[in-house]
2 protein chains.
Amino acid sequence: MSKTITLADGNGGEENNNLISEVFYKAFANDILEKSEDAAIIEDGRLAFSTDSFTVSPLFFAGADIGKLAVCGTCNDLAMMGAKPKYLTCSVIIEEGFEREKLERIVKSMAKELKVNGAIVVSGDTKVMPKGTIDQIIINTTGIGHITQEGISSNNISMDDVILLNRDIGTHGATIFSAREGIELESNLQSDCASLYPIVKALIHSGIKITALRDATRGGVAAVLNEWSKQSNVCIEIQEKLIPVSDEVNGICEILGFEATALANEGTFVLAINKEYETKALKILKTFNTNATTIGSVTSTHLQKVILNSAWGTQRFLETPNGELLPRIC
Amino acid sequence: MSKTITLADGNGGEENNNLISEVFYKAFANDILEKSEDAAIIEDGRLAFSTDSFTVSPLFFAGADIGKLAVCGTCNDLAMMGAKPKYLTCSVIIEEGFEREKLERIVKSMAKELKVNGAIVVSGDTKVMPKGTIDQIIINTTGIGHITQEGISSNNISMDDVILLNRDIGTHGATIFSAREGIELESNLQSDCASLYPIVKALIHSGIKITALRDATRGGVAAVLNEWSKQSNVCIEIQEKLIPVSDEVNGICEILGFEATALANEGTFVLAINKEYETKALKILKTFNTNATTIGSVTSTHLQKVILNSAWGTQRFLETPNGELLPRIC
């Protein structure tokens, strides 16, 4: 344990989890926080409540900007608990000298994405910091949602469940990396940044009972699957060849030396549902993105572990990402 | 209107109000936001919801630290709407290299102040930014409170009301300025930073009907009184000699060239109540701080203006503070 905070402490992976449990959970200990996943469940299970601060660099990138990201990020955290996003707060911290036109573009982008969710900003805060004490702009959004399906939790996954993805993975991480490093790709690579509530709503309205749901942000799909395997005390077995990864993302992964499963997403979720709902769920997911697919199943082979089965018949553990990954990804 | 964001745009005064209305209110327009004061009132008037980001420098100062401030600030915004603080989120953005021991001290300070409010942190977020892209640490807290008295609003002040202060003013602003400028005072000057819910609870439980309540943070007492005079379309007349200001704060004001009424507070509120409650309210306020006092009344002399009556019989308008004031005060 380092005496100073490192970039790895904010990576969404192992070190980040340690910092959260050792410093924050310890000091703030309470039952609701203990059970909190993407959002806390409050008011006798009626409301979901979640916060996120957005520090992404660059501010504008293919497919989205920090404004859209700030609304999607928090609304998605609510949606992942089966909640309809309702009210958001918006707190903006701006560097002195930041262009007003850029601020207006960001705020308009937020307003547009709020409509997709049917949510509104009801309270805000604006701070300006002297030049050089903050890089451009940071946005915090905190949201309240109405729970529309109760009981979604990463503690409840069983061997009756299958594991699905709603689309191909890693485009957000790959896009930010490309933009930051000035990699010019002759491609359509863009961030998956999107509001997920419409998909969740369609699943719930069709009568599907969701076991667990999680958007694979910092730490990627690998972080989600590992957390689930531990929290539900199961083994999750994934077929590597079933994980949809675009050629562009594979290309960036080779440059990065990362695995696509460790790359951040901002509109990609992992879904655990009882096998009986698999066909129905896939049909719905495919109306939003044709890359939606089942990627694996739940077993008891190695409890609290994620096994990746390669196309060649070999097996390895997929671990929780660690190390520095990519700072300011979201 | 500047093409770039200036420090004045975040001062809690005139320029800040303009930025909020021209950029944020315009894009996010909705009824709840329009009516939102220190906190938004949601869920059919049952809940208050408010956000604040804390950028104070230095992080540790006489009377408090950024952790205590982050809990007091948001809990006070809820309390000012007559709400009992219940649930907070805590989002922390840390500079790479920040000392872990300091982080732990800050988080413990938050935990301690949560207890004063009977509130809990239920959800959080941790981001780490590369060295040099953020100065040390920023904390966002967003809170939900249960409304215990409805109808508190800065729109309802009438000539039946009197204006009270719960204590002497300006100590937070004066403390931060002293700390930042290295001014050594042989005094007990310390920030007023404190949770105000216990006082609000005592007022409400005694049967007092609060007209309006506002903690005088950025922009100080002058900003609150001016906002009230405009929103209720009244004239507020203050007796200068009745405003309690300590010798230490007066001393700092001379150095600063500020008026104490423009200095930020973090545990000081302005209260408007019907004259019939004045004696009862003062008695309660004085059990918390003996400097509590009535400072003025509501008239129709100059609608939408605040008049300061000096001890010498002269009169002047007390204006909303403008210009840069002191950045990173909270």
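**A five-stranded sheet and a two-fold pair**

Let me begin with chain B of this predicted model, where five strands form an open sheet in the order β1-β2-β7-β5-β6, with mixed pairing. At the edges of this sheet are β1, residues 40-42, and β6, residues 120-129, both of chain B, and each of them pairs on one side only. If we ignore direction, neighbouring strands of the sheet are turned by 20° against each other on average.

As a reminder, strands of a sheet pair through backbone hydrogen bonds, and they do so either parallel or antiparallel. In chain B, strand β5, residues 83-95, and strand β7, residues 137-147, pair in the antiparallel sense over 11 bridges, and within these strands B:L88 stands opposite B:G143.

Which helix of chain A packs on the sheet? That is α1, residues 14-28 of chain A, which touches β5 and β6 of chain B and whose direction makes about 145° with that of β6(B). From chain B itself, helix α4, residues 100-117, lies across β5 and β6 of chain B, and runs at about 175° to β5(B).

Now to the two chains together: a turn of 180°, with a shift of 0.0 Å along the axis, lays chain A on chain B with an RMSD of 0.0 Å, and the two copies are therefore related as by a two-fold rotation axis. In chain A, the C-alpha nearest that axis belongs to A:I134, at 2.1 Å from it. The same surface serves both copies, since 100% of the contact residues of chain A recur in chain B.

Finally, the largest nonpolar core has 224 residues, and among those with the most contacts inside it are A:L225 and B:L225.

Conventions:
Residues numbered from 1 in each chain as written. Chains lettered and ligands numbered in written order. Predicted model: local features only at pLDDT ≥ 70, side-chain atom pairs only at ≥ 80, totals over all residues. Core = buried A, V, L, I, M, F, W, Y, C linked by C-beta atoms within 7 Å. Buried ≥ 20, exposed ≤ 12 C-beta atoms within 10 Å, placed from the backbone. Pairing = 2+ DSSP bridges. Helix = DSSP H or I, 4+ residues; strand = E, 2+ residues; numbered from the N terminus. Axes fitted to C-alpha atoms, helices over the stretch in contact; angles between N-to-C directions. Contact = placed C-beta atoms within 7 Å. Least-squares fit on C-alpha atoms with pLDDT ≥ 70 in both.
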